[in-house]
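Notebook open, viewer running. I want to go through a few spots and jot down what turns up.

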Amino acid sequence: ESAFSDNIALCRASLPRNMIENSMFEEEPDVVDLAKDSTAFPTFPALDPDEVTYEPRSSRLLVRGLGENDMDDDEEDCESSARLLGMSFMNRSSAHRSNSSPYTRQAPPRSCSRPSSRTIVVCVLFLVIVASVTMVFYFLPGCTFTKAGCHKPNKTNPIEPVYPISTNGELFPWAQLRLPQSIKPLSYDLTLNPDLDKMTFTGRTVISMSILHSTNRIVFHGANLNITKATFKLGDGQASDVTILEYKPRQQLAVNFSEELKAGQYCVLTMEYSANFSNAYDGFYKSFYIDKDRNKRVLAATQFEPLSARKAFPCFDEPAFKATFLIKISRKKTYMTLSNMPKAKSTNLSNGLVQDEFEKTSVNMSTYLVAFIVADFTPNTKNVSETQVSVYSVPEKNGHTEYALTITSKLLEFYNNFFDINYPLKKLDLVAIPDFLAGAMENLGLITFRETTLLVGKESSLLEKQVVASVIAHELAHQWFGNLVTMTWWNDLWLNEGFATYMEYMSLQEVSPDLETGNLFLSVRFRALDKDALNSSHAVSTDVNTTEQVEEMFDSVSYEKGASILLMLNASFPGDQQFRKGIIEYLKQFSGLNTDTDDLWNSLTQVLSTHHMNVSQMMTSWTSQKGFPLVTVNLMGNQVTLAQEHFLLTSDNTTHTSSLWHIPVTYVNDSCSLAPECRQVFTLKNKSENVTWLKLNYKNTGFYIVDYGKDGWSALAQALFSNVGVLTHEDRASLIHNIFALSRLGRVSFLQVINLLKYVSADTETSPVTEALLQLNNIYRQLEKRQESNLASRMKNFIMSTFRNLTAKQTWEEEENVSKQELRSALLEMACNLNDENCTQQATSLFKKYMESNGTLRIPGDLQQTVFTVAGRSDETWDALFNIYVHATYDSEKRKMLKGLASTQNPQRLVQILSFGLRGSLIQTQELPLVISTMCQSFAGCLFAWDFIQENWDRLIEKFPIGSFAIQAIIKSVTSQSSTQVQAFFSGLKERGSQMRSVQEALETIKLNQRWMDRNLPTLQKWL
Ligand SMILES: [Zn+2]
């Protein structure tokens, strides 16, 4: 699934050879002693393991880089591995070094030669520890380590679960969220008869199952299905009627048997049912669009991920229950149908309808990937190797499908080759659905999209194509990551989404470098860091025990942090082929199966074991705990000290964690800082002169933030001030991001931030400029919210003057280059938002020309948002814009117009937009999250939005499930409000959403903003 935000990007830094990580067990900083002895290529001195000494008194790893007697390669391999495996802990306590770690979960992948006495000492120590731990567990009661502690055993009532009551009053035979494992579905035979006039459908589902363990019950899922008849057949026996029990709170159905079903038998359950189409955007839902003759056209489509297949047919609705599907759908003759597989045949029915039957799926798949559509769409088709690729849209938009078809063909060829596994089906359909909430959904063979994420006009700019290409690249990657190999349970959703997000940037860099997705990926990683810094964040792989928690997994941690740590891993190998080899191995090993995070790391560890790192150990430290490290650098003459701690933004000063990560630390310095070859990892193989400054995390491929200390920051600021080009633009952007984050953490003063920003007016590249703009704008908005109008206007002047020269250089003509478009749109949007007269005049006159041209003049794609926002803010042009909006057909332009309309400060109009959106008339309900977040860009607008959210909460959660991406976006918008208001409202909601993580995030963010302002207002007063 692809969440809809306007994002995309990637920058590949090449090759680390060795890397040293701060050990999981090493809490003290490593001290690196730099030698003066220089070489032709002056960098850090070699880390000669024999020169490593351990000082128990200070508990520090002291490395003296004399590097005179280098070890041969093999020896070095062993030493590096030991370090990587976290051996410094052992070293410190025993003053010995060893060649393997007791902390690896599997046997060491390759043996280092010469098992030494040190190894033996370590092994003995390890055995002693294991024995002690075992004894502790043996003698302690089992509940010692549980949260609840020991309860007195209740002898009269042994561990019999408390079963809930079914709707018919009988006991429901299952008491858990997850289904029992005793029955495995093998195949489904689905017949669906949708009635688009009556908003209802009937269905017949035949499930063939295998009994894995003897049992008295079959438990599966069904929601809002009215089951009219059910029969059961065991083996070759006779089918007989059975009663289906239902437990609504968990959306579970069950059949009880008086006699045990024996393991090894087969059975068939057949159910007939009727149901209403879903009113929301999930399940089997009815939708409509207005065609060019203003006629209402109805269609029906599905969106099952994560938990809604059960709303369309009874099934075992968990990703691990993979099966085959044979689907039949009836339709009126004027409609067409689509499903995962190619159509096998069509039969005329006696009632005048036609029944389409699709081929049985050739692979096992999870229920959430099943899809079907009844509509009047038309295709645009092309053959790509063995696969027929079609892009479907409503008939009048068929001219907008060409780009999607072209880029899909290229991407399909790329993935077939990259994964060394061909896409498994003979056809691949991509369908633009007029009313669709997610960005897109990767159903096997039938990918569904919003119109915005699939359709682009012929004259559309590259920036608009970038959105479409990215979403397609993401969904296509899912055909392997997700569809072929699927996570066992939603706790590991990142295996789907992190990979698809990473592959979307990676594939487009190869397939369409002109789209320049690098800047976007960089900013996506910054935002992922921001969110993961909060105390309310969660581990990439985390417990999921309720349906709301399942929905909440679709967040930036699963998507963007997942992608970021994969980039970090890939960047840890020389070249791209190692990582690729690893994931090919993983995909082949688990093809058609389900996996968890450990399976991935183990699989990669096997393939990549010849390198100086244990993938499993390193990556588990990134997936099993929330947050990320803050690396503190201290450069003292020729000594570098590195330390790590949890970068945790918290309004509660007492919260501390002892989390540690295996960090592949990279760096460049003043002697060489731009080319990929300059990049070094902390293996310290080279000798070095004193360095003036260091920049860690080359091109920001690592998921951590760096603090250089007061002197380190000022040296970097000075270096940039003298010469902007001394660092890559990614590194400049990363410095800007990091220093603002550190200011929020309270680690650097705002004066240090200002000191770094002095250089920014000389920067002309997109990523550092847009990052600085975003951070400064954030402060401006907080000042506005605090009604510090004097300070706010001084802040505005500062922003304008910092970027005056660069803004003045921007044109209002068509621009070809993507990153120039990104830069221009950010600068002009800023200038117009801050009411820069020159900007608003240009925008207004362009809008007038656009109106007068009657749609023949095109506003350059990257400028549309600026122009429509200026038009929407003005009372004179708002009605005109609204009129154009209502008649516009091209979805991507429409969204920009809608954002413009929602930027108005006129209360009546704000209310009007919100109520149109809620009703779904003129403004589609799917756009409400966009409308609300746009309104919340301004303080006054957000007050209306906030009232609206509170008044209409129940209607909102009817449309957008609690915890879903849409609700997350809506809640995120309300951070302009005071924390007491937000807290009061959400805590009153109880089961209607009070437990959502996004509420906690919003509250934390509000408090953190307040705290930052309280601390920095005096500085701002003085400085501005
Ligand atoms: Zn996805």
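My entries below cover some strand pairing, one serine, the nonpolar core and a set of positions from a record.

**Before starting.** I keep in mind that this is a predicted model.

**Entry: strand 11.** I began with the strands and looked up the partners of strand 11. Strand 5, residues 200-211, pairs with strand 11, residues 266-276, in the antiparallel sense. I noted eleven bridges for that pair. To fix the register, I picked S208, which stands opposite V268 in strand 11. Strand 7, residues 226-234, also pairs with strand 11, again antiparallel, over eight bridges. My marker there is K229, which has E272 of strand 11 opposite. A reminder to myself on reading such strands: side chains in a regular strand alternate between the two faces of the sheet.

**Entry: S409.** Is S409 buried or exposed? I get 5% relative accessibility, and since the cut-off for buried is under 20%, S409 counts as buried. S409 belongs to helix 4, which covers residues 402-418. Then I checked what its side chain meets. A polar atom of the S409 side chain lies 2.7 Å from the backbone oxygen of L405. Setting aside neighbours within four places in sequence, I find S409 in contact with K382 and V384.

**Entry: the core.** Next I pulled up the largest nonpolar core, which has 301 residues. Which of its residues touch the most other members? The answer is F313 and W953. Helix 6, residues 494-511, gives the most to this core, namely ten residues. I followed W953 further and left out residues up to four places away in sequence. What remains on the W953 list is I967, I971, F985, F986, L989, R992 and M996. As background, I wrote down that nonpolar side chains in soluble globular proteins tend to be buried together.

**Entry: positions from UniProt.** The unreviewed UniProt entry lists H474, H478 and E497 under "binding site". I wanted to see how they sit in the model. They are spread over 24 residues of sequence, yet they cluster in space, with a largest C-alpha distance of 8.6 Å. H474 is in helix 5, residues 462-478, while E497 is in helix 6. How accessible are they? H474 comes out at 1% relative accessibility, so I put H474 down as buried. For E497 the relative accessible area is 0%, so E497 is buried too.

Key. Residues numbered from 1 in each chain as written. Predicted model: local features only at pLDDT ≥ 70, side-chain atom pairs only at ≥ 80, totals over all residues. Heavy atoms only, no water. Pairing = 2+ DSSP bridges. Helix = DSSP H or I, 4+ residues; strand = E, 2+ residues; numbered from the N terminus. Buried < 20%, exposed > 50% of the residue type's maximum accessible area, 1.4 Å probe, protein only. Polar contact = N/O pair within 3.5 Å; in protein donor to acceptor, adjacent residues only side chain to side chain. Contact = heavy atoms within 4.5 Å. Core = buried A, V, L, I, M, F, W, Y, C linked by side-chain atoms within 4.5 Å. UniProt positions renumbered as here; feature names shortened; annotations may be inferred.
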